[in-house]
Amino acid sequence: MHTELREKHEIYDYLRHSKKFPVMWCAGCGIGIVLGAIIRAIDRMGLDRDRVAMVSGIGCTGRMPVYVDFNTMHTTHGRALAFATGLKLARPDMYVLVVMGDGDALAIGGNHFIHAARRNMDLTAIVVNNNIYGMTGGQYSPTTPLHMRATTAPYGNIEPPFPLCELAKAAGASFVARSTVYHATELDRLIEQAIARRGFSVVEAVSYCHTTYGRLNRLGAAVDMMRWLKENSVTLAQAEKMSPEERETKIVRGILLDREGPGYVDLYDEIIRQAKAAENG
Amino acid sequence: MVKGTTKAPGRYEIRLAGEGGQGLILAGVILAEAAAIYDGKNAAQTQSYGPEARGGASKSEVVISEGEIDYPKVIEADLLLAMSQEACDKYYHNLKRDGILIVDSVNVSRVPTSKAYRVPITRLAEEATGRRLVANVVSLGVIVGLTGIVSRQAIEAAVSARAPRGTKELNLRALEAGFRAAEELKAQVTG
Amino acid sequence: MTAQFMQGNTACAEGALVAGCRFFAGYPITPSSEIAEILSYRLPALGGKFIQMEDEIASLAAVIGASVGGMKAMTATSGPGFSLMQENIGYAAMTEIPCVIVNVQRTGPSTGLPTSPAQGDVMQSRWGTHGDHPIIVLSPSSVMETFRLTVTAFNFSEKYRTPVILLMDEVVAHMREKVDLPAPEQVEVVDRIQTNVPPEWYFPYEETASDVPPLVSFGQGFRYHITGLFHDVRGFPTERLDEIQPWLKRVFAKINNNLSDILMYEEEDTRGARTVVLAYGSTARSARHAVRLARARRHKAGFCKLLTIWPFPEEAVERLAHTAKRIVVPEMNLGQLALEVERVAGRHKVRRVNRADGEMITPQQILEAIEG
């Protein structure tokens, strides 16, 4: 009880109360849980909020920054990582978090996603994956599972989904982790580690959209979809004991990749040192 | 239709034409720089080239004038250097009636006028330096030797300034080979 | 400084550095790539940053991000890349983040003639992004002017918190001429207005006497919000008409109330001229050449060169139209700025000279229009 109150207060302290509450998300949405997890991670790390920036693109998740008392930027659809790249290079002392939805990060912004990973750009990307375009009314996204319905896939989706974490790993990220909005405290611990890691870090926060995806596919209300996340996700340790076929049906949670290596900012600083030395020498 | 030339008096227009990779754009830059920086005149250099990094048609134009240069392209060339047959065929018609045509006789076999200066530019480059690549600098020697459009000192200074590190001597040898070829041509004409 | 023989793209890069540009993001494209190449080499020694992004959309996004971080920032591109940048140009206009976009025009549409000049992006530079928005577009006609206008582009951008487009063309970009660049300390450089109020009083979009609110960089303790949505004075999204309408009014006022600063044009022999040739960019060179020839042939011809093409200098053109019988508008397109001249001067007074085939308009073509 005591912990719960303290946590409430923590989050309250980071919100912008001057405007824009209540949130624009549907009641029962998981995005708020992700926002809570981000705030808890930042609070636990004791980051100076003047040095925290939150950059987003377009979509339901894109509306996240407006509610929090950081340096916040709501950019164009899919381009959040590119805006954040410029900001990070101009202000390497800042912690730049990029929050995106699955359509934002992997469809219109897919190219920026793989190139931010390839460069190992020092950003923390948090992708809220709800398998659908929520804000525009439930059209299928690059993470909509096969055969599922969407307002633009009335006969079922025939496009195989992007495995977001595998993509980030293959493209060159330093840190890749996944959890779900049911596992809120696990999520904030993963986000904390992602922020701490130099280079490009990705956290996939598996969420749901009961308003569109859930309704179209008869998956029940928010609580039902939340329960599904609880019952159909496993830790890495649990997953390792499963057969490949069984694992395939589960959401695997945990740190999927964590490697040391210079990020772009460090490498460019070295170029600056060399160029200045050449100029003076 | 406007009659007569639209060229302003005191303009000297040079067109260097051939293929991409022959160094003609750089040659134009060096020639214009010699005029503008080392001889203190006005000069403008422009270019047109195809999308290829090597090969394709390439053209560099230099306008030299005592006065201001507005239109920076060739209106009616006073001098045409053709380093390929295609360039010779394409641009000869735009040479002034008493303009100077210089062709690289290694690459241009069909010459439209008996008054052309045929110079084996590429071969001279190879003979003087062992490298065909400096044919563009040889051609500068020929042009300056024949016309005196820029001073010898100016072209030498410009070539030296633009030569990649360690190639200054080689480039000056190429320039000298061009000067010699020009002297021989002038001797033939007067002799 | 001593005289140098310099290319237009180099002058652009040098002008940017003198203006204080410390960030460049771009994507390779002919005929603008030299600007990126030079800045990739020069920026690190100045403590600046260069990055080659994955496309032009990302390039302008990174530029805006860097500007929010407090760096003067620029990108350079050509037609196809400029088309890709349009959405983020609108974002910069909406959020009032200073940035400079260089567009070295080549012949289009589509891939067109990548190495040939054109002036086909005049209307796109004004109206390319969706929605009504203020914009400043400058167009240089020489290497020296490219240096000067690049500095001015940065100054306007910072002073008025607006994206500024430097509309070059392939001729100016690749042409080499003698220039005598001023020493950096002799160049007037304008920085964005800073605030002197504490963070809790700072409103990034408040109405001010100059219509340009101060802009504080991220990371300095002000923690405000930036969005491409219509927003209130704090930067928070709004759908309220009483917040949207003042914003629209202010962002247009900040340009329209400063036309005497923003509009730049040069006139020669326009007083008493029967025919005025009005041109911009490299075509202005052909135009001046033609006007001088015409005058030598005893035609009463005058010359007007626009350095600022957007906002369009209506009053200047109106004045010229009042005294001259005819205004000749040569452009390397099929008639774009001519539409504005016709709007102001009346169609009957305007004679267009156009080509969009990748070649410069010749003095002869313009002379024929003067004499014909």
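This note comments on the cysteines, one strand pairing and the two largest pockets of a predicted model.

1. Across all chains the structure contains zero disulfides. For A:C209, which is in no disulfide, the nearest cysteine sulfur belongs to A:C26 and lies 6.3 Å away, and A:C209 itself is buried, with a relative accessible area of 9%. C:C21 is likewise in no disulfide, since the nearest cysteine sulfur, that of C:C12, is 9.0 Å away, whereas a disulfide needs two sulfur atoms within 2.5 Å. C:C21 is also buried, with a relative accessible area of 0%.

2. In chain C, strand β2 (residues 21–26) and strand β3 (residues 49–52) run parallel and are joined by four bridges, and within this pairing C:F23 has C:K49 of β3(C) as its bridge partner. Between the two strands the chain passes through helix α2 (residues 33–42) of chain C, and the resulting β-α-β crossover is right-handed.

3. The largest pocket has a volume of about 1100 Å³, and of its 31 lining residues the closest to the centre are A:R178, A:E204, A:E248, A:K250 and A:I251. Helix α6(A) gives the largest share of this lining, namely four residues, and by class the lining consists of 18 nonpolar, six polar and seven charged residues.

4. The second largest pocket holds about 760 Å³ of space, and its lining of 37 residues has B:S48, B:K59, B:E61, B:Y91 and C:E359 nearest the centre. Here the largest share, five residues, comes from β6(C), while the lining as a whole divides into 13 nonpolar, 14 polar and ten charged residues.

How values were computed: Residues are numbered from 1 along each chain as its sequence is written. Chains are lettered from A and ligands numbered from 1 in the order in which they are written. This is a predicted model: local features need pLDDT of at least 70, side-chain atom pairs count only at pLDDT 80 or more; totals for chains, interfaces and linings use all residues. Side-chain values use heavy atoms; hydrogens and water are left out. Buried means under 20% relative accessible area, exposed over 50%, partly exposed in between (1.4 Å probe, protein chains only). Two strands pair if DSSP finds at least two bridges between them. A crossover is right-handed if, with the strands pointing away from the viewer, the path from the first strand over the helix to the second runs clockwise. On a 1 Å grid over the protein atoms alone, a cavity is a set of points where a 1.4 Å probe fits but cannot get out, and a pocket is an open set with protein on both sides within 12 Å along at least five of seven lines; lining residues have an atom within 4 Å of a point. Grid points are joined across faces, edges and corners, and a volume is the space filled by probe spheres set on the points. Ala, Val, Leu, Ile, Met, Phe, Trp, Tyr, Cys and Pro count as nonpolar, Asp, Glu, Lys and Arg as charged, and the others, Gly among them, as polar.
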